[in-house]
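Me: Hi! Could you walk me through this structure before I set anything up? I have a handful of quick questions.

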Amino acid sequence: MNARSARRAAAAVAATTALVSLSACGDPDPAPVANGRVSVAGVEVAKDQALHDMLPEQIRKAGKVRVATDVPYPPFEMYVKEGETALTGLDFDLGQALGGKLGVTFAFAPQKFDGIVPAIQAGKFDVAMSAITDNKERQKVVDFVDYSQSGSGILVGDGNPSGIRTLDDLCGRKAAVQAATNQLDLLKSHQDACTKAGRGKIDVQTFPKDSDAQLALRSGKVVAQVLTKPAAGWVAKTADSGKAFDLVEDPTAPGGYNASPNGIAISKQLPELTDAVQKALQALIDDGTLTKIYDKYGVASIALKAATKNAAVD
């Protein structure tokens, strides 16, 4: 499933919540500290000279990596305050951590999503960090270092009063979903499994917006909402300071149902940068920094255990 297939819907549902909740989520704008390290999600990340030396000469001379990102798409990229340009979000924090490890600045700049890959091809940016699905079509023009997996998740009321543990537990019950999304297709495709199990079909309730579906969940009209797992995790963490909803964690689908890898897209003209980013990311995985960044945004379970390259599943 493409993490950006329902991009605008997910952004709309979480943007307001994100803006009013950032102060409760720690340091939204990671800043350099005096000893040359950077602080991200409560962790100080130090420069690795060997990884710095792997960078292409032009990156080392410039002291920065030019990063394209499409804002907003909570929890991956957001503005700290509406109407201002300062950024926050999972991708932004990860970029600061990678920059700290590589000894350069990851300089983020907004770019419309459909123009990101062409902008990298044109040399305007070196990389893109914007919850981009790693797929074989995109691999023809950019390389990916994969860092997470995004699929569909299940949002339930606080305390999970209906005991929803897996997609099967929605059989015979009312579940909310936004119309015309991959999540609606997922529920439709699961109906045969419900019938075979003798549990009755899912009573699918469609809504124009995810926020409408959440109102139905709040009022008890449905037992769950199905939406992208990253968005579900962020809503669970931030809505009513984390007291309105819970995210269902199905151990058989840690990244969500029908998950696909998200990757850092990197210019094919900079293979040394791809190698350096992959090794820096693996270092952040190994020392637990990546998990802490993801946990800050309520989606620790979608983090990959290894920094893979071009691992598309389509």
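Reply: Happy to help; the chat below goes through charged pairs, cores and a disulfide. Keep in mind that this is a predicted model.

Me: Good to know. Let's begin with D146: where is D146 found?

Reply: D146 is part of strand β8, which covers residues 142-157.

Me: And which side chain of opposite charge is nearest to D146?

Reply: That would be R138, at 9.7 Å. D146 has no salt bridge although D146 is buried.

Me: Then what lies 3.0 Å from a polar atom of the D146 side chain?

Reply: The backbone nitrogen of A311 does. A311 is also among the residues in contact with D146, once neighbours within four places in sequence are left aside. That list includes D134, P261, N262, G263 and L281 as well as L304, K309 and N310.

Me: New topic, salt bridges. How many are there?

Reply: The count comes to eight. One of them pairs K296 with D93, with N to O at 2.7 Å. K296 sits in helix α12 (residues 289-296) and D93 in helix α4 (residues 90-102), so to speak distant parts of the chain, 203 residues apart.

Me: Are K296 and D93 buried or exposed?

Reply: Both K296 and D93 are buried.

Me: What about R66, which residue does R66 form a salt bridge with?

Reply: With D126, and the closest N and O atoms are 2.9 Å apart. R66 belongs to strand β3 (residues 64-69), while D126 is in the loop between α5 (116-121) and β7 (127-133), 60 residues apart from R66.

Me: Why does R66 count as partly exposed?

Reply: Because R66 has a relative accessibility of 30%, and partly exposed is the range between 20% and 50%. D126, by contrast, is buried, with a relative accessible area of 6%.

Me: Which residue does K229 form a salt bridge with?

Reply: K229 pairs with E249, the closest N and O atoms being 2.7 Å apart. K229 is in helix α10 (residues 229-238), and E249 is in the loop between β12 (245-247) and β13 (257-267), 20 residues apart from K229. K229 is buried at a relative accessible area of 2%, whereas E249 is partly exposed at 41%.

Me: Switching to the largest nonpolar core: which members touch the most others?

Reply: Those are L98, L102, F106, V277 and L281, out of 48 residues in that core. Helix α11 (residues 271-286) gives the most to the core, with seven residues.

Me: What is L102 in contact with?

Reply: Leaving aside neighbours within four places in sequence, L102 is in contact with K47, L51, H52, L55, A276, V277 and A280. Apart from the largest core lies another core, of 19 residues, with I164, C194, I202 and V226 among them.

Me: C194 caught my eye. What joins C171 to C194?

Reply: A disulfide does, with S to S at 2.0 Å. A search of the whole structure finds one disulfide. C171 is in the loop between β8 and β9 (174-178), and C194 is in helix α8 (residues 191-196), 23 residues apart from C171.

Me: Left-handed or right-handed, and why?

Reply: Left-handed, because the torsion about the S-S bond of C171 and C194 is about -75°.

Me: Last one: are C171 and C194 buried or exposed?

Reply: C171 counts as buried at 7% relative accessibility, and C194 counts as buried at 0%.

Methods: Residues are numbered from 1 along each chain as its sequence is written. This is a predicted model: local features need pLDDT of at least 70, side-chain atom pairs count only at pLDDT 80 or more; totals for chains, interfaces and linings use all residues. Side-chain values use heavy atoms; hydrogens and water are left out. Helices (H or I, at least four residues) and strands (E, at least two) are DSSP runs, numbered from the N terminus. Buried means under 20% relative accessible area, exposed over 50%, partly exposed in between (1.4 Å probe, protein chains only). Lys and Arg count as positive and Asp and Glu as negative; His and the chain ends are not counted. A salt bridge is a side-chain nitrogen of Lys or Arg within 4 Å of a carboxyl oxygen of Asp or Glu. A polar contact is a pair of N or O atoms within 3.5 Å; within protein, one must be able to donate a hydrogen and the other to accept it, and residues adjacent in sequence count only if both atoms are side-chain atoms. Contact means heavy atoms within 4.5 Å. A nonpolar core is a set of buried Ala, Val, Leu, Ile, Met, Phe, Trp, Tyr and Cys residues joined through side-chain atoms within 4.5 Å. A disulfide is a pair of cysteine sulfur atoms within 2.5 Å.
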